[in-house]
Every structure is written in C-alpha cells, then in structure tokens.
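Me: Please take one part of this model and go through it closely, with the cut-off behind each term. I am after the arrangement of the backbone rather than a general overview.

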Amino acid sequence: MSTILIVDDEKNLRRLLRDTLEAEGLTFLQAGSGEEALARFQEVSCDLVLLDMILPDQNGLQVLKQMKRIAAEVPVIIMTAYSEVQGAVEAMKAQAADYLCKPFDLDELKLVVHRILENTALAQKYRRLHELEQDRHEATQIIGESRLTRRLRQMVKQVAASEASSVLIHGESGTGKELVARGLHYSGPRREYPLVELNCASISETLFESELFGHERGAFTDAKAAKKGLAEVAHKGTLFLDEIGEMARPLQAKFLRFLEERCFRRVGGTQSISVDVRVVAATNRDLLELVKTGTFRKDLYYRLNLIYIPIPPLRERAEDVLPLVQYFLGQANHLFKKAIRAFSPEAERLLTAYSWPGNVRELRNVIERIVILEQDDVIRPEHLPPEISGARPGALGDRLDIGALFPQSLEKVEDTYISAVMKQVGGNKTKAAEILGITRQTLRARLNSSR
Ligand SMILES: Nc1ncnc2c1ncn2[C@@H]1O[C@H](COP(=O)(O)OP(=O)(O)OP(=O)(O)O)[C@@H](O)[C@H]1O
Ligand SMILES: [Mg+2]
C-alpha cells in the first residue's frame, strides 16, 4: 500500500484530501508546516508528497528542494493557487513531479496521484531490471589474462556484434562453453530477445523435434494443443544447442535443413515458419572424429564450423589460474559470508602447476569448498585437496601398517584409521568427517570413546 504525505496548513483541505485518498486505498500522513513536513519526511519512507506552496513558516519551494536532497526519488506534487503560477514553474524546475492549481477537482487529484504512483512503480521495476541486466553481464564475464583468453574475449565480442548465423564452440568439459554462449548472446544486439537452450544429450529423439520445431494440435497422442517450438521462441535471439555431438542422426538432416533455410514446419503442421535465430552449438566431442565414424553428418559439421570458437583447456593457459582463483574467491566470500583474504605463495604455485582435468568448473568447486570449510584467512598448501597439494597418497599408508593391525577387531582398526586421517588433515574435524563420510558429531563421539 502506498503512503502519502500531505503538507498544507489548512486543516479542512487536509481532511478533504485525506478522505478522498483513503477511499482510494492509500495511507496518509499529514503536516501543517514546512518544518513538520521535513521531520515526517525523514522519519517515514513515503511514496508521494502533496505539498502546498505557501506554508506558515517556509516557502514550499524551499521545502521541495530539501526533500529532493533527502530522497530525490520520492515524487512531490505541488499545490498552488492560480496567482502563483510562476511558483509552479520554479517548482517544476526543482523537480516537482507535477502541480495542481487550487481549487482543484478531486477527480483530477486522484488521476494525478495514481499516474505518478504508477510511474514510480515503473521506474522501480526498470531499476530492478537494469540491476538484473548487470548481474547477467557479471555472469558473462570471461576472466583470464592469458593470450588465449584475451583472444577468446576478442572473438566473442566480434562474433556477438556480427551477423554470423551459426557458431560452433568446442572445448573440454568445464572450460566455459556455456559461458561463451551466454557472452555471444548478451554482448550483441540479440540480447533484447530470448536466449533459448536445448541440450541434445538429455532429450529423446521424438521429443527433440517437437521441442525444437513445435507441434500442431493432434500431431501425436499427447498433443492436446498446438505448441510453439524453441526455434520459434528464440526468434531474433539465440538458440543454444548444447552437446550437439549427441544429436541423433535422423534429426541431423532436419536440423541442417533448418540451418540452411531458417524455416521449418511444426510437427504435424503444413505451414512453413520462418525465423531469425542465431544458432550457437557447443560440444566437448571431436566432431571430425564423429564424422569419420559416421555418427555425425559431414555436411552439418561444415555448416556449423563456419565460425569456430575453440576454448583451450585450463592447463594450456596457466596464467589464467590465479585471476580465476581471485575471482571465485571474491564470489565465494560474498556468497558464504566469509573473509578469506589470500592464498600463500606456495599454495598459489601449486594451484598454477596443477593440471585441472575438470578445467574452470573444477577450479571453482575447489575454491568454494575451501571457502566453506576453512577458517584461516590465508590458505596454505595443507588446505588444498591432496591431488593439488601433491600430498603423497602413500603418506597415510606410511603411518597405517595394515599388516601390523592383525589380529585386531574391526572397531579397533577403525579407530586407528580415524586417528591417521585426523593427523593427515592436521586435526581439522570437519575435513576428517568429510573424508570418513560420517558427521562431525559421530566423529567426535568416536574420538571420545577411543580415548
Ligand atoms: N574464463 C572464465 N571466467 C569466469 N568463469 C568461468 C570461465 N570459464 C568458465 N567459467 C565458469 O566455470 C563454470 C563452468 O563453465 P561452463 O558451464 O560454461 O562450462 P562448459 O564448457 O559448458 O562445461 P560442460 O562441458 O561440462 O557443459 C561456470 O560456472 C562458468 O561460469
Ligand atoms: Mg555446458
């Protein structure tokens, strides 16, 4: 519900305004002087102010200017007599939202109030959308300072701005294919239109066609109503086909036809529908290899390959590791409300030297886990997972001589193993519990009972 502050020294007018506006479902505050008005304005957050130009203690214009200084986004409507039109002009210059000439018609008042409240709501909605847009932008940032990544950023920018109608992205799992696809969409003119994703691996052959091209009513048993396909939904935007290497061979022919003609028929339909979409396809497979083995059509491969964006694995661009670590550290600190400051030089060296088989996704997960689990504000090698810190897998075995355990009960053996794990993780119970696959409470109980 919106709250309105009414500022006028005439009590009767205030009452009339209140009655009128309350009947409209608005809440209402009042002030009889400039000083009182400013005090209320600071105390309560109101959505609109109705301000008389002539107040006993101050000029309404002064009050308006002060209000604009306190909270510029709150709209103020000036009330003025015909003889004071010059004042109204001044008030508009001082950013009044509108003015009403006294004596005014109550219907006119209601109209102006509603219009302005609606505009404010719109402005707020716009601001929120704008913030959302910035978040999106954030989510399409390609981090990294290696030569390869700079080139990748450059390429994304150029292709996004171009008319290129199809693009093929290739890279190992976790290298950022989806990120690049989003970048291609959101940094070009198509960003105003939808980005629609379809994963070729997770959908059956029959469903795929109707998802992509839509279907007419009655096209198959379940088709109770006609439905638009994703190719149609993505009109003027981008159609992102993930894992294109998994597309069933019979579909490849239909898809190629669509790529070449940019038109299609809905399943069970006769009419040809034309769309303007950019197709961005991604794969971690070697498509040329698939062409050789006959699982992927050669002509489709060449059609897609016109604009080819390769994303190199992270191990080939080690200079990206530390900037990515910083970036994900900042994000994870924020997300998990932690304040881990940095990685020690030795930890940084290990992170850079690691081969990252899971690429950037693996790096992000490692950083998130560290931020969740660790309390220290500097991360050292012993906080890193063993595959990165190079903690020899034999290290635990050295302390744990299975042969020497015989003949002991299973429970005793477990205790020995638990204490070896505790030593290995430097006494960190959270970490030990995680490795052992038990809760911290269970771990604590076991440690107490074995003493
Ligand atoms: N250069 C980069 N800068 C910032 N974040 C990145 C970068 N590369 C990848 N990421 C992030 O790493 C994660 C994995 O990336 P993404 O999902 O795009 O990989 P993918 O290649 O599509 O993986 P998959 O083959 O498994 O589908 C995402 O959170 C993504 O935002
Ligand atoms: Mg992906």
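What follows is a close look at the open sheet that contains strand 5, with its surroundings and a second sheet set beside it.

Reply: This is a predicted model, in which local features need pLDDT of at least 70 and side-chain atom pairs count only at pLDDT 80 or more, while totals for chains, interfaces and linings use all residues. Residues are numbered from 1 along each chain as its sequence is written, chains are lettered from A and ligands numbered from 1 in the order in which they are written, and side-chain values use heavy atoms, without hydrogens or water.

The sheet is open and has five strands, ordered 2-1-3-4-5, with parallel pairing. Strand 2 (27-31) and strand 5 (98-102) are the edges; each has a single partner strand, so one side of each lacks a neighbour in the sheet. Neighbouring strands of this sheet are turned by 20° against each other on average, direction ignored. Helices (H or I, at least four residues) and strands (E, at least two) are DSSP runs numbered from the N terminus, and two strands pair if DSSP finds at least two bridges between them. In general, the strands of a sheet pair through backbone hydrogen bonds, either parallel or antiparallel.

At the strand 5 edge, the partner is strand 4 (residues 76-81), and the two pair in the parallel sense over five bridges. Within this pairing, Met79 stands opposite Leu100 of strand 5.

Two helices can be placed against the strands. Helix 2 (residues 34-43) packs on the sheet and touches strand 1 (3-7), strand 2 and strand 3 (48-52); the direction of helix 2 makes about 140° with that of strand 2. Contact here means heavy atoms within 4.5 Å. Helix 3 (residues 60-70) lies across strand 1, strand 3 and strand 4, and runs at about 160° to strand 3. Angles run from 0 to 180 degrees between N-to-C directions, with axes fitted to C-alpha atoms, for helices over the stretch in contact.

The loops on either side of strand 5 each hold a backbone detail. Gln95 is in the loop between helix 4 (85-93) and strand 5. The phi of Gln95 is near 75°, a positive value in a residue other than glycine. Pro103 is in the loop between strand 5 and helix 5 (106-139). A cis peptide bond joins Lys102 to Pro103, with omega about -5°.

For reference, here is the second sheet. This open sheet is also built of five strands, with the order 7-10-13-6-14 and parallel pairing. Strand 7 (195-199) and strand 14 (308-311) are its edge strands, and each pairs on one side only. From one strand to the next the twist averages 20°. At one edge, strand 6 (residues 166-171) pairs with strand 14 in the parallel sense over four bridges. Gly171 has Ile311 of strand 14 as its bridge partner. Helix 10 (residues 249-261) packs on this sheet, touching strand 6, strand 10 and strand 13 (278-283), and its direction makes about 140° with that of strand 13.

A positive phi turns up beside this second sheet too. Lys236 lies in the loop between helix 9 (230-233) and strand 10 (238-242); the phi of Lys236 is about 75°, although Lys236 is not a glycine.
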